[in-house]
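The exercises below are meant to be worked with the sequence and the coordinates open side by side. Try each task before reading its solution.

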Amino acid sequence: MTNENVSVSVHESMARFRASLLRRASAVAWVVLIIVGYQAVRVTVDEDGTQLFTQPEFFVPMACLAGLLILSTAIRWDRIMRSSAAPWAATGWLLGLIAGITALAVIPDLQQTAEPILYGIAAVSGLLLAWWAHALVTVIIALAIGLISFTLGEANQAIDVLAQIVVIFVVAAATALV
């Protein structure tokens, strides 16, 4: 084994790690989509038997998330993560996930299933993104948590929402230190 095979730049190593993480995160996101879909199939929203999965507030964000995941499954993350567009591509992917999950989490029957996913996204972003992108994603997730709480009327006490936001920042800080 020659020395040039061993010496790999930090950028190349991180690009491979990030591409691998994005591929795995895409696979896990499919599982999450299936779980949220299953939860929606179980929920009846009206007395006449209307199912949640037939409602636009469910199937529009679900279809958008499915489209994002189809795209992220087909993308060559290895090539993108080696380019200068890597932080923007990964940030855009995470922001798309955050938007879709937040849209699902404001549905009362899906909040308990969808909201914890945002905590997972905060953890993954610390491993995946540059510090500035991770900070941006963390702030967006904190705003999403606040939006979900206020939309569902669970923000009776601001201290409850503040506690959730602090947890998001702690999770984000912990993974950023890894």
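**Exercise 1. In what order do the elements of the chain run from the N terminus on?**

Solution. The model is a predicted one, and the secondary structure is the place to begin. Counting the elements gives eight helices and zero strands. Read from the N terminus on, the order is accordingly α-α-α-α-α-α-α-α. As a next step, consider the contacts in the chain with a separation of 6 or more: residues 24 or more positions apart account for 72% of them. Turning to burial, 38% of the 178 residues in the chain are buried, while the chain exposes about 9,800 Å², of which carbon and sulfur atoms supply 67%.

**Exercise 2. Find the salt bridge in the structure, and state which parts of the chain the pair ties together.**

Solution. A search of the whole structure finds one salt bridge. The partners are Arg23 and Asp78, whose closest N and O atoms are 2.9 Å apart. Because Arg23 lies in helix H2 (residues 10-42) and Asp78 in helix H4, the pair ties together parts that are 55 residues apart in sequence. The last step is to check the surroundings of each partner: Arg23 counts as partly exposed at 41% relative accessibility, and Asp78 likewise counts as partly exposed, at 27%. As a general principle, side chains of opposite charge can pair when their charged atoms come close.

**Exercise 3. Determine whether Leu21 is buried or exposed, and list the residues that Leu21 touches beyond four places away in sequence.**

Solution. Leu21 lies in helix H2. The relative accessibility of Leu21 is 17%, and since buried means under 20%, Leu21 counts as buried. Leaving out residues up to four places away in sequence, Leu21 touches Val124, Leu127 and Leu128. Of these partners, Val124 can be followed further: Val124 is found in helix H6 (residues 111-128) and is partly exposed, with a relative accessible area of 23%. Two C-alpha separations complete the picture. Leu21 and Trp77, 56 residues apart along the chain, have C-alpha atoms separated by 9.5 Å, whereas the C-alpha atoms of Val124 and Val171, 47 residues apart along the chain, are separated by 9.7 Å.

**Exercise 4. Identify the residues that form the nonpolar patch on the surface, and say which helix supplies the largest share of that patch.**

Solution. The nonpolar patch is formed by Leu136, Val139, Ile140, Leu143 and Phe169, which together have about 410 Å² of accessible area. Its largest share, four residues, comes from H7. One of the patch residues, Leu136, has its place in helix H7 and is partly exposed, with a relative accessible area of 37%. For a contrast within this helix, take Gly146, which is found in H7 (residues 131-151) but is buried, with a relative accessible area of 9%. The C-alpha atoms of Gly146 and Val161 are separated by 6.1 Å, although the two residues are 15 residues apart along the chain.

**Exercise 5. Which residues form the positive surface patch?**

Solution. The positive surface patch is formed by Arg16, Arg76, Arg79 and Arg82. To place one of these residues, note that Arg79 is found in helix H4 (residues 77-82). The final step is to classify Arg79: its relative accessible area is 57%, and because exposed means over 50%, Arg79 is exposed.

Notes: Residues are numbered from 1 along each chain as its sequence is written. This is a predicted model: local features need pLDDT of at least 70, side-chain atom pairs count only at pLDDT 80 or more; totals for chains, interfaces and linings use all residues. Side-chain values use heavy atoms; hydrogens and water are left out. Patches are made of residues with over 30% relative accessible area and no salt bridge: like charges are joined within 9 Å, nonpolar side chains (Val, Leu, Ile, Met, Phe, Trp, Tyr) within 5 Å. Accessible areas come from the Shrake-Rupley method with a 1.4 Å probe; for residues, only the protein chains shown count as cover. A salt bridge is a side-chain nitrogen of Lys or Arg within 4 Å of a carboxyl oxygen of Asp or Glu. Lys and Arg count as positive and Asp and Glu as negative; His and the chain ends are not counted. The place of a charge is taken as NZ of Lys, CZ of Arg, CG of Asp or CD of Glu. Helices (H or I, at least four residues) and strands (E, at least two) are DSSP runs, numbered from the N terminus. Buried means under 20% relative accessible area, exposed over 50%, partly exposed in between (1.4 Å probe, protein chains only). Contact means heavy atoms within 4.5 Å.
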